[in-house]
Amino acid sequence: MMIKRISVFLIVLKFAVFTVFAQQEFNHPRGIITQKEVHVIREKVKREPFKTWFEKMEITTVQAEKELDISDPYQPVFLAKKQAQLYVLTEEKIWAEKCWQTLQQVIHDSIYFNEPISRGLTRATQLFGTAVCYDFCYHAWNENRRKEVAEKLFQTMLTVNSNMGYSANYAMESNWNGVRWGSALLAALVYDDLEGKYDRNPALPFIWDIQKRLRDHIERNIFPGGWSAESLSYHVYNWSFIAPAMAALQNSSGNPVFELENYAPHAVNTLWGWSAASVAIPHPGGRTTQPDLSDDDPQGSYLLTAFGLRLYPENQIPAIKWMHDYLLDVERIDDKRGNLFYSVCWYPEKIPAQNPGKLGWLTFTDETYGVSVWRNRFQDENDIVVAFNVPLKRVSGHKGPDNLTFRIIGNGNILVTGAGRTGEIAGQTNFFPSKPLVGEKEPEGSQESHSFKTWKDGDRFFASAEGSSLGVKNHKRNIEVGFQNENGVVIKINDLSENGKVWRLNTPEFNEVEVLENGFILVSPNGSKMKVTAPTEQIKGKISVSKVRYGGSTSQHNRGIGFGVRYWEYNKAVDIPCNGTLNVKIESLDIF
């Protein structure tokens with residue numbers, strides 16, 4: 001029966017690709033938004049909140065024009081895309097002319113855009129932006145300009161579809177492939193054969209191929225429960241290419257086979273888990289802070305909510321709208337990549353927002369991957385989030401050695417962190433067989449997680465798991481979480497092993513550490529505290545504090561821990577020595 005259903009799906013899919021798409025040449029815009037939507041969107045920007053968002057887009061575009069560095073392969077394409085967005089929203093041809101001039105730096109870029117085995121993330125980003133510019137500015141450009149860009153689109157779409165360059169990670173689940181096929185699909189959908197060389201649009205066979213590959217990537221990248229294999233921030237980055245391509249796919253066919261529930265069913269619950277883990281704590285680029293699991297960082301973005309408002313099931317839209325309002329800080333974001341455009345297009349005026357807690361989003365578990373997130377409320381930056389990460393399968397791509405680890409965000413602060421964008425282990429919050437050295441990586445042949453279960457008893461949440469990626473033999477960790485009052489949580493963590501000697505908690509350097517005989521107290525910048533204690537008889541030595549660079553020795557794309565108005569370079573690692581067993585109690589309260 002399942003085989004029959006899949007066969008029917010593929011037949012319908014093939015019909016949609018080769019009949020509907022073939023009828024849409026020269027009709028622009030037809031990608032991220034359609035020609036029918038343009039007038040409606042142009043009217044929206046005359047009233048709030050869209051007017052404020054549009055003004056932010058204008059201000060940041062003018063600023064980007066003044067600060068443009070053409071030696072940076074990303075700046076020109078981001079600016080050209082923003083100029084194209086302003087043209088499609090205003091129909092002022094000056095923006096289309098500026099877009100054309102800026103785009104010259106992209107389509108004549110011999111290092112990336114015109115080099116078929118160059119770094120794929122850069123080439124795909126340039127392809128994506130060029131596709132947006134072509135689609136949005138088509139009617140403002142003359143025939144020669146259209147032909148030049150269309151030819152570049154087709155040739156680069158072919159190379160991005162075929163390879164991501166020498167430096168790529170070719171694992172199907174890697175976000176590189178979402179970037180790859182998302183950008184290639186958008187380019188193929190907006191491309192026109194303006195030379196009239198073919199009876200039918202030559203992009204059609206590629207649309208058929210690319211959308212299948214993109215669907216396969218999403219199925220591997222997201223686990224059945226809705227958790228991204230590469231964790232939270234990478235999921236947003238990945239979907240900044242996938243989501244617009246999916247919108248374009250739906251716009252170009254109108255066929256229900258491309259709706260999220262049918263095309264990418266694993267993704268239906270991603271915003272549930274992502275929302276449960278996201279707190280409106282400011283950082284230099286926005287107001288979204290998340291647990292830094294895998295080899296990720298804690299800086300998040302509201303962007304995924306804008307995509308959700310366009311693509312996700314109707315019953316989730318009120319909660320997604322609430323999250324959008326909760327996380328979007330127009331004053332703080334720089335909008336360098338033109339992401340605010342999606343909110344302008346897709347934010348619903350008439351649908352009332354609904355607190356996600358009413359949909360049951362306070363707790364989230366993906367049992368296939370092995371992660372649980374518990375939250376006390378959806379209200380403000382003082383919300384408390386506890387995450388327990390037990391990756392039962394550590395996929396290729398971004399994977400950190402953080403089996404059986406936990407994270408805590410609460411009371412306006414980042415309290416418990418991981419190692420950041422590195423495979424080095426010293427920054428991990430976990431159980432170790434010995435004190436990790438600077439630069440040390442996980443031991444070869446270390447165990448993976450091999451069990452994970454969760455349950456609830458009254459107002460307390462429980463989870464249990466076994467395994468280690470740090471060389472701890474027969475490591476078993478039990479965790480209990482109970483939210484005590486408006487701003488408090490009590491967490492009990494029981495660790496049992498054969499050779500665990502060091503229980504380590506990493507916290508950002510801006511938190512002060514007061515060492516006690518049987519534990520320590522973290523004092524955050526706003527004065528809130530978290531107390532960590534263990535039975536005196538289980539502590540086998542002096543509790544110590546050291547500094548660990550966040551991200552280890554990684555330099556590229558390692559901004560550090562974003563919090564407040566700056567990025568912080570170091571964690572403070574607090575070590576409790578023990579002998580195989582340690583029962584820890586963590587209390588997060590404003591006042592002890």
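## A buried glutamine in α6

A residue is buried when its relative accessible area is under 20%. In this predicted model, Q126 has a relative accessible area of 1%, so Q126 is buried. Q126 belongs to helix α6, which covers residues 120–137.

What does the side chain of Q126 pair with? A polar contact of 2.9 Å links the side chain of Q126 to that of D109. D109 also appears among the contacts of Q126 when neighbours within four places in sequence are left aside. The others on that list are P73, V77, V106, Y112 and F113.

## Packing of α2 against α4

Two packed helices are described by the angle between their axes and the distance between the axes. Here the pair is α2, residues 35–44, and α4, residues 75–90. The angle is about 90° and the axes are 8 Å apart. Angles of 65 to 115 degrees count as roughly perpendicular. The helices α2 and α4 are therefore roughly perpendicular to each other.

Which residues make the contact? From α2 come V38, I41 and R42. From α4 come Y87, V88, L89 and T90. By class, the contact of α2 with α4 has five nonpolar residues, one polar and one charged.

## Two nonpolar cores

The largest nonpolar core holds 133 residues. Those with the most contacts inside this core are I32, I33, W141, I218, W239 and F341. Helix α10, residues 232–253, supplies the largest share, eleven residues.

W239 shows what such a core residue touches. Not counting residues up to four places away in sequence, W239 touches I218, I222, P244, M246, L260, A267, L304, F307 and L311. I218 is thus on the contact list of W239, and I218 is also named with W239 among the residues with the most contacts in the core.

Another core lies apart from the largest one and has 37 residues. Among them are L404, V416, L505 and I576.

## F406 in strand β4

Is F406 buried or exposed? F406 counts as buried, because its relative accessibility is 1%. F406 sits in strand β4, residues 405–410.

Leaving aside neighbours within four places in sequence, F406 is in contact with A387, F388, V416, T429, R477, I479, I493, W503, L505 and I586. Two of these, V416 and L505, are named in the 37-residue core.

How far apart are the C-alpha atoms of F406 and Y312? The separation between the C-alpha atoms of F406 and Y312 is 29 Å. Along the chain, F406 and Y312 are 94 residues apart.

Methods:
Residues are numbered from 1 along each chain as its sequence is written. This is a predicted model: local features need pLDDT of at least 70, side-chain atom pairs count only at pLDDT 80 or more; totals for chains, interfaces and linings use all residues. Side-chain values use heavy atoms; hydrogens and water are left out. Axes are lines fitted to C-alpha atoms, for helices over the stretch in contact, and angles run from 0 to 180 degrees between N-to-C directions. Helices (H or I, at least four residues) and strands (E, at least two) are DSSP runs, numbered from the N terminus. Angles under 35 degrees count as roughly parallel, over 145 as roughly antiparallel, 65 to 115 as roughly perpendicular and the rest as oblique. Contact means heavy atoms within 4.5 Å. Ala, Val, Leu, Ile, Met, Phe, Trp, Tyr, Cys and Pro count as nonpolar, Asp, Glu, Lys and Arg as charged, and the others, Gly among them, as polar. A nonpolar core is a set of buried Ala, Val, Leu, Ile, Met, Phe, Trp, Tyr and Cys residues joined through side-chain atoms within 4.5 Å. Buried means under 20% relative accessible area, exposed over 50%, partly exposed in between (1.4 Å probe, protein chains only). A polar contact is a pair of N or O atoms within 3.5 Å; within protein, one must be able to donate a hydrogen and the other to accept it, and residues adjacent in sequence count only if both atoms are side-chain atoms.
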